[in-house]
Every structure is written in structure tokens, then in C-alpha cells.
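I opened this notebook to record how two chains meet and how one sheet is put together. The entries follow the order in which I looked things up.

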Amino acid sequence: MGIRIDPIKCTGCMACELVCSYHRDDAFAFLSACIVVYRAKEKKDYFGVIVKEEESLVIARPEGLEIKGIGAVDEEAEGEGDSSAKPMLLREACDLCEDVEDGPLCVSVCPHGAVYTE
Amino acid sequence: MEYLSSDKIGIIDFTTSEVSEEPLDEELVRENIGGIGITTILHEKYKEDDPVVLGTGLLTGTLVPGSALGVITARSPISGKVVHTPLTMYTGIELKYSGFDYLVIKGKAQNPVYLWIHDGIADVEDAGELWGKDTWTCTDQIRKLMGDDVIQVLGIGGAGEAGSELAQITCNYWGSADRWGLGKIFGEKKLKLVAVRGMGLIEIAEPEEFVSQARSMIAEFRSAPFSGRQGVGDLLAELGHEDFNSWMGPLVHRHKSCFNTPIPTNTFLFLDEEPQLMKESEKDEPGVLVTDPLALLALKNLGLSAKDAGEALKACAKQGIDPYRVALLAQENGKTTLQDLLGFLPEMKASPEVSYVQEIFSPWCPRRPLWGDFGIGSDESEISQWWNRRQAVAYIFGIHPIFALMSPQLSEDKLLELAALGTDIEFDSNTIDKIVGRLID
């Protein structure tokens, strides 16, 4: 099971990213999150969400969801992760908030049901 | 100030080229909470230097729904009053996490400068290369220079440089809620832009309970009356402009939320690209983000097509000029085609007379409840009184001012409770009354 995203439902509010950072730090600090809203191409209205898993990156581009094995991540995909100033591959992997009773937290705070597990 | 804070106020004096810092005193927060509760005190303290004060609310950038707001407090060139412009999208959160709670920008530089705010550092840099360039070019250049594409840029274009009363402080590539001409103050200071990036950490006094309450509110909002509404078209339909969606609809690419705001209040229009395209456009500038629904409505009322109105918004954002008052002036002068309007832009220097001139909160925000039941009547003065109080509360705590109009659940008591949980400060129950009484005379 892993976190999946419906990229078209996402409106880029970053609630998932913030609550993920809380899960890591008991504080708010965007750089700690393993789910990140990709917002580097603002002028083109091209945005999505990336999740770092243990073995893979979940990349939710507007045109569709792609899951890439970490070993297969090419420069382009890693470049997208860099939009947040801390490369995705350096972040802790998603643990599905295993210690949270009604987690994962990112699923619970998405106002539009864009984040789900599968 | 330990919690929900970076414990730092930055004071930047362009006249002396000095940057100094002060801690954020907990007593100041206990008495004034945050946002405009504190920006107004800082403005008063440094008023001889005509300061521009930037700040965030106490709850800005947290899990509290709608906590997107940053604020600019400054003297309005059109009224002389101290006024407030809300900053939405991601500007408020980048400021909150930049290492500063508040920034006082005072004095005048001799030559063009820009400010680079990051990691608790305020750098004053030479802006000779940027002066004379439009806001889009400047945003691109700053982001490229710093190697970071999510830096937020509060800037001015040609209008602010030329001292126009219509000059707007823009946010990145887009228009803002600045209907006051604050871009003129930037221009007078020779301040081309303020670039902000927030990569810090914000501690919470009672993290579990704070997050638990915020999550409950987010869950509750899923079934709120506004749930499922999207973008500027639905906002304007709620305000009685039912034909707006059919006028604008064919150009809508996607709707965008401001930080942690459960309803998207912004809409991206593709002007030069197929709106259904979901892949990344190969065009550099395919469209415009509408952040000011009432400005777009004013342009529609000129008789423009949605595409021409979008082009007008884009041109205004590039030049850093308030599109709402541009539309009013265009109407007064019979410039009702896109070509006429664009040709008239360079001549627009003096503000038209506006009904809101004596107010302090941006009229960018609609002046009535939206989808929410706040238990107020239909009497206009009662609604106006409610609106001013609601705006004040939003600007103090850091709540998106439009979202505040549709979220009665975010009551004053609730916000005070969240503030106490977040900071471990026991706020007196009369605190909000006292601050609002001081702000609204």
C-alpha cells in the first residue's frame, strides 16, 4: 500500500506537505515532508505532487500518475523534486504514518480527496 | 517568543543602509496577538520614515484551515491613512518561515535596491539591473539568480517606478489585493522588490491538541456549504453574477488554492494555449492567474471578452498597476476595447475617485458572507460593521480574508483557543475587542 494522488483534484494547497512535516518533527517545517507540492512552473500553471517512498518516487503530474523505482529516477524527475530546495531523494521515505491511529495524515487533511492510499 | 514564531523583527533602513533585529516580545503578542495587531504598532513606532511593514498572523502557515495570510501595512498614497493589503497564495507562508515575524522597511535608498529575505537574514542588494524591467522579468531573474523557483517576489513595475497612484505591489507574476497604490511607496523608496523564501521551522506549544483541532476543522469543512465550489467564477456567481462562469469558462485551465485554504479562490486562464492541455505547455507565458475576481468583473463590465480581459490583467500585472482602478478609469474615459485600454495605461497616473478611500481593509475582498451563516441581518450598516470586524480578525490571526467570509466555524473564540494552544499564552478574552477597537476608529 502507498500514498497515491489524483493530480487533477489537487489545488496545490500544501496541507499534505505541512502535516507530513509535523509527523516528522512535531513542529511545522516544510523541508521535513516526504510529500511535496511541486510548484516550480508557476507561470505555466503546471503543478503536481511528489511522494518519496522507500523504493520509489510517486510523481503525480497533471497529465497522470507515475511511480518510478528510485534506481530508475532520471535527472528530469529528480530535477522536479528539487523545486523545494531539498532533493526528494534526500528526504525520509513515507511510513504511511504507521504510528498514527487514523492516518495517514496527508490523506486526512486533503480538502478535495486528492490524496488516497492504494 | 518561542512558539508559532521566529522570534525576530527585522528593521531595514534604506537611508542609513543599516539592518537591525529585535526579538518578538511575548508581551507584545499577549496584548496584540499578531498580524495587523502588531504591524500597526511597528508602523506607528517608525512613522516618521514612512515605513512599509510586512508581517504574518499568529496562526499563518499552520494547519489551521485558511491560514495563508501575510500582510503589508503602509500609508495609502490615495488617502494618507494607514492601510492593510493581504498577501495570499504562498507569500504569507514563505514570509512566516523566512526567519522573520515582521519586517519594517523604512527610509529611502539613493539607488535602486531589492531585499532578499531568507534564513533569518535580510540582505539589501543593488537593483540597478532590475530597475526598468517588468515584474515578470524581475521574478524570473531573481528566481534564476538564487536557483530557486518558489521564491516569492513582491515587486513593482513601471507604474511604481514612475510614482503612479495606481501602482500595485504585485506577487510574483500576478496582481495582488493592493488597491491602495502601495507600489508608489516602494518606488519612492527605490525598492524594486522584496524576495522571500521560507525554509525554517515553527514550534507549537501543544502540538498534538493543536493539530487534532485543526484536523477536525478540515474534516468539518468537507461538508461545508462552499464545498465543491471552485475559483473566481463560483465566487462571483455567489455574489449574484451568475453569467460569469459561462463568459470565462472556455478559458479556464485550473483553479488554485492559497496555502491550506479548503476552497480554491484563484483561477488560471489560458489565453494563448488550449485550456484542456494538462501536459506542460511549451509556451513560456500561456496565460494569467486571476487573483482578483472583482477586478476581472470590472474588466468584463467594460464589455471585454474573457480573453481580452485576461490580456488586460496580464498587462497590468507586468506593469504593476491595479487592474480594478484601471477598469474604472477606462470606463470613465471611454476606453472600452483592449487596444484602447492598453494604449491608455501609460497615461494613468492619478487614481480615480473610489468609494473605499477612507477604509483600511482591501476592498478586493467581497463585503458580505459567502455561503456561510454568520447570523447577521440584511441591514447594510450591520453587514459593513460585521465585515470590518471579520477582516480585522482575519488579518490579526492570519486567515485568508475571503475564506473568513465563509467559515463561521473559525469563530473568534476558536481562533483564540488555537492561538493559546499554539503559543502557551493565556490570552485575555477581551484581547480581540481591544485590538479591533484600536484598529477601527
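Entry one, the contact between the chains. I found 40 residues of chain B in contact with 30 residues of chain A, taking two residues as in contact if their C-beta atoms, placed from the backbone, lie within 7 Å. This is a predicted model, in which local features need pLDDT of at least 70, side-chain atom pairs count only at pLDDT 80 or more, and totals for chains, interfaces and linings use all residues. Residues are numbered from 1 along each chain as its sequence is written, while chains are lettered from A and ligands numbered from 1 in the order in which they are written.

On the side of chain B that touches chain A, I noted that two or more residues each come from α7 (207-221), β12 (252-256) and β14 (287-290) of chain B, where helices (H or I, at least four residues) and strands (E, at least two) are DSSP runs numbered from the N terminus. The largest share, five residues, belongs to α7(B).

Entry two, the sheet. I traced an open sheet of five strands in chain B, in the order β8-β7-β11-β9-β10 and with mixed pairing; two strands pair if DSSP finds at least two bridges between them. β8 and β10 (170-171) of chain B stand at the edges with a single partner strand each, so one side of each has no neighbour in the sheet.

Entry three, two pairs of strands. I saw that β7 (residues 113-118) and β8 (residues 121-126) of chain B run antiparallel and are joined by six bridges, with W116(B) partnered by D123(B). Four bridges join β9 (residues 152-155) to β11 (residues 191-197) of chain B, also antiparallel, and there L154(B) has V194(B) as its bridge partner.
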